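Visitor: I would like to go through the terms used for this structure and hear what each rests on. Please set the values against the cut-offs.

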Amino acid sequence: MSQFLFLTSWWVPLYSLIGALLTLPWGLGIIKRTGPRPAAYLNLLTTLLAFAHSLLVFANIWNSEPKNLQISWFKAADLDLSFALELSPVSIGAIVLITGLSLMAQIYALGYMEKDWSLARFFALIGFFEAALSGLAISDSLFLSYAFLEVLTLSTYLLVGFWYAQPLVVTAARDAFLTKRVGDLLLLMGVVTLSTLAGSLNFSNLYEWAQTANLSPVTSTLLGLALIAGPAGKCAQFPLHLWLDEAMEGPNPASVMRNSLVVAGGAYLLYKLQPILALSPVALNALVIMGTVTAIGATLVSIAQIDIKRSLSHSTSAYMGLVFLAVGLQQGGVALMLLLTHAIAKALLFMSSGSVIHTTHSQDLTEMGGLWSRMPATTTAFVVGSAGMVTLLPLGSFWAMLSWADGFVNISPWVIGVLVLVNGLTALNLTRVFRLVFWGAPQQKTRRTPEVGWQMAFPMVSLIIMTLLLPVMLQQWYLLPTWESINWYVVLILFASTVIGVSIGATVYLHKAWSRSRILTWRFMQDLLGYDFYIDKVYKVTVVNAVTLLSQISAWSDRYLVDGLVNLVGFATILGGQGLKYSISGQSQGYMLTILAVVSILGFFISWSLGLLSKLPF
């Protein structure tokens, strides 16, 4: 039975796809009399089956060797379209995480979107989301992984624009789609180039090719940068990072999936591309620079946000920056561990913030306060999620950071500085948000705020337990270091950064009557960080204006040069026809004379041009 479940584990993405297809009759309005609830229940059932199947497989695969499956789809002559899949502890574990968090997010959505008229359409999109993520987890083909990333891009566009009646939502969905398309286009160029150079796009074959590949520095650099561009767009990394902030206009259950799993999908592909990226030192350095800039910059920006979802979304970009930095330093195991711990903690934080938004009908931090006594489950979820995000012993992120810092304390000490800075600023920001939302005196919108219903409380409580038990699971999987090998100086530094961040966040002066400081210097810094270093303005002045100018030039040339030439020929033809109709004599010898005259003139010009060519010195 276990062997059968293992060999059929590639069915897991199909469960989610079937669930999404089954919800379409309700999502498209074909079935109306029952309401949208049956569609949600069908999708929940297929997700539960996928989670149970993957969990049973994972329980029996941990000590097994990875296996590759080749599923042929179409064969004709030299054309062979087949899907290469990898069944390993890492890929199956990723599916367990995806289906488990998706199940929690869907139960959460039942309460959050209880009265939404298009609930069925939302669950259909979540099903496609889940299917693409599960397929990406077990894909052993770069081309198939690219196809799944494209499905994720489309699903992101549809989910961000879910409430399409609002103009700001439409703008956010468009910007998210176009920004990702930039990275996807460059990634496609890299995929096509790699298929030509390596002759295969299966990861197992690409790893063998990379061991003996001899590429020129220019080729390896361009190939590496193209392969990085796709994950950079998916993970909201600089300079393709602005879309994640705007994507917070979508429903919060989709934000739970997006900030915990979808951004991790691009990082997972980057992890699998490590051996190919190692061919280019420039690409690895680009990963290090991109990850460092995004990690520090996004963490700073999150501190100045007064929107609760945007404050958390910028920290998502920051932690994905740490993952990029880990891959650039060839620390793939650390990157995976950081993705695991971040996904669970960030899903819990977004569920907690969504509960606050659901009950207060506001996302503005300055309008909240005093919720800890009225929403104890939500408060506990936020505290545990925040503790799971920073290096607070003994929770998961602490061990991920420690395993990374311990390996670089003597080789690259500056990495420790980046980790300490990002961790300390994250602790400061989460403490600031906690004080504004849950602490202090109740505000106008929070005086009579009730706790959320069981549909929203159950996923939060489940993730609280999972966050607290994550170190135990890591110990069972032999991923934690032994006590003898721990560098206690590094432990002290990481833990001290958390304590300092929490202390500053707990004591810094916060006044809710005004969202901007009255001190000019602090106001400038607040605006600089609040508006994301004015990068959108820089893009508007440079990229947007350049594209606008090129579009205007193209439109002018199309209208006056291309269309003008075509219109000139047409006008000349009309005039010629109108003139000739008055010279018709009806005599055939006249027609023959005209043809001979024209042919003679053409022959003269042709012979003259050939004579000129014969005199040229070549």
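Guide: The model is predicted, and the turns below take up salt bridges, burial, aromatic pairs, contacts and the largest pocket.

Visitor: Why is the pair of arginine 181 and aspartate 184 called a salt bridge?

Guide: The nitrogen-to-oxygen distance between the two side chains is 3.3 Å. The cut-off is 4 Å between a side-chain nitrogen of Lys or Arg and a carboxyl oxygen of Asp or Glu, so the pair qualifies. Both residues sit in helix 8, residues 167-198, and because they are three residues apart there, about one helical turn separates them.

Visitor: What makes aspartate 184 and lysine 234 a salt bridge?

Guide: Their closest N and O atoms are 2.6 Å apart, and the rule asks for a distance within 4 Å, so this pair counts as well. Aspartate 184 belongs to helix 8 and lysine 234 to helix 10, residues 217-234, so the salt bridge ties together parts 50 residues apart in sequence.

Visitor: Which of arginine 181, aspartate 184 and lysine 234 are buried, and how do you know?

Guide: Buried means under 20% relative accessible area, and partly exposed runs from there up to 50%. Aspartate 184 has 0% and is therefore buried. Lysine 234, at 1%, is buried too. Arginine 181 has 27%, so it is partly exposed.

Visitor: How do you know that aspartate 307 and arginine 310 form a salt bridge, and are they buried or exposed?

Guide: The closest N and O atoms of aspartate 307 and arginine 310 are 3.6 Å apart, which is within the 4 Å limit, so the term applies. Aspartate 307 has a relative accessibility of 15% and so counts as buried. Arginine 310 also has 15% and is buried.

Visitor: What makes Glu150, Arg181, Asp184 and Lys234 a network?

Guide: Salt bridges that share partners join these four residues into one network. Asp184 shows the sharing: Asp184 has a salt bridge with Arg181 and another with Lys234. The structure holds six salt bridges.

Visitor: How many aromatic pairs are there, and why is the pair of tryptophan 10 and tryptophan 11 called edge-to-face?

Guide: The count comes to 14 aromatic pairs. For tryptophan 10 and tryptophan 11 the ring centres are 6.2 Å apart and the planes stand at 80°. Centres must lie within 6.5 Å, and planes over 60 degrees apart count as edge-to-face, so both conditions are met. Tryptophan 10 is partly exposed at 28%, and tryptophan 11 is partly exposed at 33%.

Visitor: Why is the pair of tyrosine 157 and phenylalanine 177 called tilted?

Guide: Their ring centres are 5.2 Å apart and their planes are at 55°. An angle that is neither under 30 degrees nor over 60 counts as tilted, so 55° gives that label. Tyrosine 157 lies in helix 7, residues 142-160, and phenylalanine 177 in helix 8, so the pair ties together parts 20 residues apart in sequence. Tyrosine 157 is partly exposed at 35%, as is phenylalanine 177 at 28%.

Visitor: Which residues form an aromatic cluster?

Guide: Trp372, Phe382, Phe434, Phe438 and Trp439 form one cluster.

Visitor: What makes methionine 351 buried, and which residues does it contact?

Guide: Methionine 351, in helix 16, has a relative accessible area of 0%, so it falls under the 20% cut-off and is buried. Beyond its neighbours within four places in sequence, its contacts include Met104, Tyr108, Val256 and Leu463. Tyrosine 108 is 243 residues apart from methionine 351 in sequence, while their C-alpha atoms are 7.8 Å apart.

Visitor: Where is aspartate 140, and why is it called buried?

Guide: Aspartate 140 is in the loop between helix 6 and helix 7. Its relative accessible area is 4%, which is under 20%, so the term buried holds. Among the residues it touches are Asn68, Glu86, Phe203 and Lys272.

Visitor: What is the volume of the largest pocket, and which residues are closest to its centre?

Guide: The volume is about 920 Å³. Of the 36 lining residues, Gly93, Ala94, Leu97, Leu340 and Trp477 are the closest to the centre. Helix 5 gives the largest share of the lining, 11 residues.

Visitor: How does the lining of the largest pocket divide into nonpolar, polar and charged residues?

Guide: The lining has 31 nonpolar residues, five polar and no charged.

Terms used
Residues numbered from 1 in each chain as written. Predicted model: local features only at pLDDT ≥ 70, side-chain atom pairs only at ≥ 80, totals over all residues. Heavy atoms only, no water. 1 Å grid on protein atoms, 1.4 Å probe; cavity = no way out; pocket = protein on both sides within 12 Å on 5 of 7 lines; lining within 4 Å. Points joined across faces, edges and corners; volume = space filled by probe spheres on them. Helix = DSSP H or I, 4+ residues; strand = E, 2+ residues; numbered from the N terminus. Nonpolar A, V, L, I, M, F, W, Y, C, P; charged D, E, K, R; others polar. Buried < 20%, exposed > 50% of the residue type's maximum accessible area, 1.4 Å probe, protein only. Phe/Tyr/Trp six-rings, centres within 6.5 Å; stacked < 30°, edge-to-face > 60°. Contact = heavy atoms within 4.5 Å.
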